[in-house]
Each structure stands twice: as structure tokens, then as C-alpha cells.
Amino acid sequence: MGSVITLVLALLILSANGLKLDREYQRGVIFRLGRTKATRGPGLYWIIPFIDQKVQIDIRTKTVNIEPQETVTADSVTIRVNAVLYYRIIDPAKAINRVENYEIAVYQVALTTLRNVVGQNILDDVLQNRDQINTRVQEIVDEITEPWGIVIERVEMKDVEIPASMQRAMAKEAEAIREKRARIIKAAAEQEASAKLAEASQLISANPAALELRRMQMLTEIGAENNTTTVVMMPSDFINAARRLAESPQPSFANGQAQPFNPEVLFVPKQEEKE
């Protein structure tokens, strides 16, 4: 009787030893006598003790930090780049059977691919088109890891270290481009202003009174600045009148009396004087 109880207890202990439990994010790859039997989980299941062996796999997304790598771009500039890689196991049996250590394998593939892709692009593309480089690295790594049952979800370049001499050269180039743009804008503004001034000159020549109004407006603007010196501009008619007065002949005296002064002479147009 005692031996029967002992045998029953041994069977119960042996059966209990075959019970396995996997969480929602875990899977168990079952090997029966060395051969892949099935992939089990999540939850509670039973395997044959001493015959079946279980290898547990975590199927959550894993994050791999790729250390900074020194590489040479297509335009012969030495830079250091680092990135972060996100991958997930979709077939635990392949991840165990197809590669010895999938974590190291994925890291090394991403490392070499990043260096190769960056080396095929010039520095400007590395700095401005990071999305394209990330997508290219992701496609290459995903193609390599697909037979291992691993999918690459995302690749992101985190930082690009540029030599100090190259940073100074890029700063000078950016400054020169901004100066060029400023000069072009200024030249375009001067061209537009000259066109407007030409139109204004035509309008003023058609109506000389507009010129006097403009002069009065300038006097108002000068006085609004609280200046200690104010420049008063005389109308051009006064200057022309003074010039004609200086060029006119001296008054003649007849019978001991001067001829009466005619002010209309001062404002006679120059063409009429010639006539």
C-alpha cells in the first residue's frame, strides 16, 4: 500500500513538473527529443517531463542602441553617427533555430548597414534627408532578418557629429548664402523703387505744383524730428526770377527819371525772352 502511494505521489510530482506558464508577451518553443515540436503560449500548458524541453522567448518590441560609428561620407567627410533600432520577433521558432544569438546578430547587421548607407551619401544628404537614410537602413536590415523570424519596426538616427573645421566651413557657407539672398532682395527693392520714382517724376513734370507740395511735406517731416537746424528750400520759381533779374539790363534814365519796373518780366518764360 505504501509503495502505491509513493508511486502516485511521484507521478503527481512528475506531472506537476510538466506544467508551464507563459505570460501574454512570452512564447515557449517546445523541443521533443531534440526536434522542434510546437510553439506554445501564452497561458498554462503541459509538456512531457524529461522528453520535452522549453525555450522561452519574449516577443515584445526590443530597443537596441547602436553606438556611435565613425564613417566617411561620399564627399570624403569623416563623421560619427549613432542610431536606435526597434525590432520584434514574429516567429519564435525561427529566431531560435535559424540564428545562434538573434540579439547580437540583429545588432551587428544594423551596425554595418548604417555605416554602409551613410557612406553612400554626401554630408548634406545625411543632415537633410535623415528619413530617407533611416528608411533605407530599415529595408536592408529587415530583408536580412526576415528568415530569422524578426521584423524591423523602425530605425532612427539620433545624432551626427561633424568635425569642428567642417562646422566652421558650413557656417561660412550659410552666412554667404544669406548675404547673397539679402543683396538680391535689396537690389529688387531698389529696382522697384526706381520704377516708382520714374512714374512720380512723370506726374510731377506734368504738374509743377505737385513739386512744391512735396517740398512743403518734406519741411513738415523735418520739423517733426525735433531737429535744431531746419533747412528751408525755396521754390524754383524764385530762383528763376532772381536769375532773370540778374541777367536783365540795367534800367535806363530818361529825362533824369528811371523807367518804371515791370515785375512781369521776371516771370516771362525763357523761350519768350529769346523771342
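A salt bridge is taken here as a side-chain nitrogen of Lys or Arg within 4 Å of a carboxyl oxygen of Asp or Glu. In the structure, which is a predicted model, E161 and R80 meet this criterion, with their closest N and O atoms 3.6 Å apart. The pair links distant parts of the chain, since E161 belongs to strand 8 (residues 150-161) and R80 to strand 7 (residues 78-89), 81 residues apart. Both partners are partly exposed: the relative accessible area is 39% for E161 and 32% for R80.

A second contact of this kind involves R88 and E153, whose closest N and O atoms are 2.8 Å apart. Because R88 lies in strand 7 and E153 in strand 8, this salt bridge ties together parts of the chain that are 65 residues apart in sequence. R88 counts as partly exposed at 31% relative accessibility, and E153 is likewise partly exposed, with a relative accessible area of 34%.

The two strands that carry these charged pairs are also joined through their backbones. Strand 7 and strand 8 pair in the antiparallel sense over 10 bridges. Within this pairing, I89 has I150 of strand 8 as its bridge partner. Strand 7 thus meets strand 8 both through backbone bridges and through side-chain salt bridges, including that of R88 with E153.

Strand 7 has a further partner in strand 6 (residues 62-72), and the two pair in the antiparallel sense over 9 bridges. In this pairing, I66 is matched with A83 of strand 7. Strand 6 and strand 7 form a hairpin in which 5 residues lie between them. The turn of this hairpin includes S76, which has a positive phi of about 65 degrees.

The search of the whole structure finds 8 salt bridges. One of them joins D22 and K54, with the closest N and O atoms 2.6 Å apart. D22 lies in strand 1 (residues 19-22) and K54 in strand 5 (residues 52-58), so the contact ties together parts that are 32 residues apart in sequence. The surroundings of the two partners were also assessed. D22 counts as buried, at 3% relative accessibility, because the limit for a buried residue is under 20% relative accessible area. K54, in contrast, is partly exposed, with a relative accessible area of 25%.

Contacts of aromatic rings were examined next. The count of aromatic pairs comes to 0. A ring does, however, take part in a contact with a charged group: the charged end of R60 sits over the ring of Y25, 3.8 Å from the centre of that ring.

Helix 5 (residues 130-145) was considered in terms of its length and its two sides. At 1.5 Å a residue, its 16 residues should span 22 Å, and the end C-alpha atoms are 22 Å apart, which agrees with the expected value. The buried residues of this helix are I133, N134, V137, V141 and T145. Seen down the axis of helix 5, the buried residues fall within an arc of 100 degrees, so they line one face of the helix. On the other side of helix 5, D131, Q132 and E143 are exposed. Helix 5 therefore has a buried face, confined to an arc of 100 degrees, and exposed residues on its other side.

Particular backbone conformations occur in the loops that connect the strands. A cis peptide bond joins G41 and P42, with omega of about -5 degrees. P42 is found in the loop between strand 3 (35-40) and strand 4 (43-46).

Positive phi values in residues other than glycine are found at L33 and F50. For L33, phi is near 55 degrees, and this residue lies in the loop between strand 2 (26-32) and strand 3. L33 counts as exposed, at 70% relative accessibility. For F50, phi is near 65 degrees. F50 lies in the loop between strand 4 and strand 5 and is exposed, with a relative accessible area of 73%.

Conventions: Residues are numbered from 1 along each chain as its sequence is written. This is a predicted model: local features need pLDDT of at least 70, side-chain atom pairs count only at pLDDT 80 or more; totals for chains, interfaces and linings use all residues. Side-chain values use heavy atoms; hydrogens and water are left out. Helices (H or I, at least four residues) and strands (E, at least two) are DSSP runs, numbered from the N terminus. Buried means under 20% relative accessible area, exposed over 50%, partly exposed in between (1.4 Å probe, protein chains only). Rings of Phe, Tyr and Trp (its six-membered ring) pair if their centres lie within 6.5 Å; planes under 30 degrees apart count as stacked, over 60 as edge-to-face and the rest as tilted. A charge sits over a ring if NZ of Lys or CZ of Arg is within 6 Å of the ring centre and within 35 degrees of the ring normal. Two strands pair if DSSP finds at least two bridges between them. The expected span of a helix is 1.5 Å times one less than its number of residues. The arc is that of the directions from the helix axis to the C-beta atoms.
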